[in-house]
Amino acid sequence: AASMIWRPAADSGLPTGAEKAEWLMEFITSTWNELDEPCAQRTIEHALACAQRRLDAHDDERAVLVHGDVQQWNALEAGDGFKLVDPDGLLAEAEYDLGVILREDPDEPLAADPEATARWMADRCGLDAAALFEWGVVERVSTGLSATSPCSEMVHAAWKASESMLTIEARKAVTPSWRKLRAMSCGKVGGRGRSDGRAASPNSVLGGGCASDDAPPSVERHRS
């Protein structure tokens, strides 16, 4: 579904991927300081380095219209597939959209190698895996900061997932659920469909899309 959006839109007046990267760098730096450094400094430094590389790589001539917030809450079942709603709208590299998917579930980056997940999505869509992964790092860390508040039960899981993306080590893992990727990456979707435009349920999204051999590798499979 996301790939159906990607097209040149030079005269749209939308913010660019470079502006997004700059905003995220400022947000990460200022919020980390305001919250009295709630995570490791190396996590922040890594996220800022990733954002700087994405800023430097921005090319107005290659930038395309992207949704800007591709995640399960913005995916609706429609007919025999899915449609995305509530766009942020950017002119950026397409990898940004799929980087947001890496941001969404704190459990998935811990359940398998997130770099392998990035490569799997990039291969499906003909994109650059390194760029996709770097956007995922920046979005994960900025979202972790956003979610940080007293007594927040999701903070620990968010930061564990953020810091797991800093250094990828071999770890025993099971293949995670890929329902969001099936629903939203590159138009390879299916399922029963729903005519009333309600949000896609996890079970219905899981029912369509990729064949069983089209799932991304777990760490165990990746190591083989």
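## A guided tour of the predicted model

Begin with the whole protein chain in a cartoon view, where the secondary structure amounts to ten helices and four strands; please keep in mind throughout that this is a predicted model. If you trace the chain along its sequence, the elements appear in the pattern α-α-β-β-β-β-α-α-α-α-α-α-α-α. With the surface switched on, about 10900 Å² of the protein chain is exposed, and carbon and sulfur atoms supply 49% of that area. Of the 224 residues, 51% count as buried. Among the contacts between residues at least 6 apart in sequence, 78% join residues that are at least 24 apart.

**First stop: helix α1 and the loop after it**

Select Trp23 and Phe27, which lie four residues apart in helix α1 and are therefore separated by about one helical turn. How many aromatic pairs does the model hold? The count comes to two, and Trp23 with Phe27 is one of them, a stacked pair because the ring centres are 5.2 Å apart and the planes stand at 10 degrees.

Now move along to Glu37, which sits in the loop between α1 (17-34) and α2 (41-57). Most residues other than glycine have a negative phi, but the phi of Glu37 is positive, near 55 degrees. Glu37 is partly exposed, with a relative accessible area of 46%.

**Second stop: the strands**

Next, select strand β2 (residues 75-78) together with β3, and you will see two strands that run antiparallel and are joined by four bridges. To find one of these links, colour Leu76 and then look across to Lys83, its bridge partner in β3. The two strands form a hairpin with two residues between them, and in the turn you can select Gly79, which has a positive phi of about 60 degrees.

Continue past β3 to Asp86, which is placed in the loop between β3 (81-84) and β4 (90-92). Asp86 is not a glycine, and yet its phi is positive, at about 55 degrees. Is Asp86 buried or exposed? With a relative accessibility of 53%, Asp86 counts as exposed, since the cut-off for that word is over 50%.

**Third stop: helices α3 and α6**

Before turning to the other aromatic pair, recall that the rings of Trp23 and Phe27 are stacked. In contrast, the rings of Tyr96 and Trp135 form an edge-to-face pair, because their planes stand at 90 degrees, with the centres 4.8 Å apart. Tyr96 belongs to helix α3 (residues 95-104) and Trp135 to helix α6 (residues 129-147), so this pair ties together parts of the chain that are 39 residues apart in sequence. Hide the surface if you still have it on, as both Tyr96 and Trp135 are buried.

**Last stop: Glu139**

Stay in helix α6 and select Glu139, which is buried, with a relative accessible area of 4%. Which side chain does the side chain of Glu139 reach in a polar contact? The partner is the side chain of Arg103, at 2.9 Å. If you show the surroundings of Glu139 and leave aside its neighbours within four places in sequence, the residues in contact with it are Lys20, Leu24, Tyr96, Val100 and Arg103. Tyr96, from the edge-to-face pair of the previous stop, is thus one of the residues that touch Glu139.

Key:
Residues are numbered from 1 along each chain as its sequence is written. This is a predicted model: local features need pLDDT of at least 70, side-chain atom pairs count only at pLDDT 80 or more; totals for chains, interfaces and linings use all residues. Side-chain values use heavy atoms; hydrogens and water are left out. Buried means under 20% relative accessible area, exposed over 50%, partly exposed in between (1.4 Å probe, protein chains only). Contact means heavy atoms within 4.5 Å. Accessible areas come from the Shrake-Rupley method with a 1.4 Å probe; for residues, only the protein chains shown count as cover. Rings of Phe, Tyr and Trp (its six-membered ring) pair if their centres lie within 6.5 Å; planes under 30 degrees apart count as stacked, over 60 as edge-to-face and the rest as tilted. A polar contact is a pair of N or O atoms within 3.5 Å; within protein, one must be able to donate a hydrogen and the other to accept it, and residues adjacent in sequence count only if both atoms are side-chain atoms. Two strands pair if DSSP finds at least two bridges between them.
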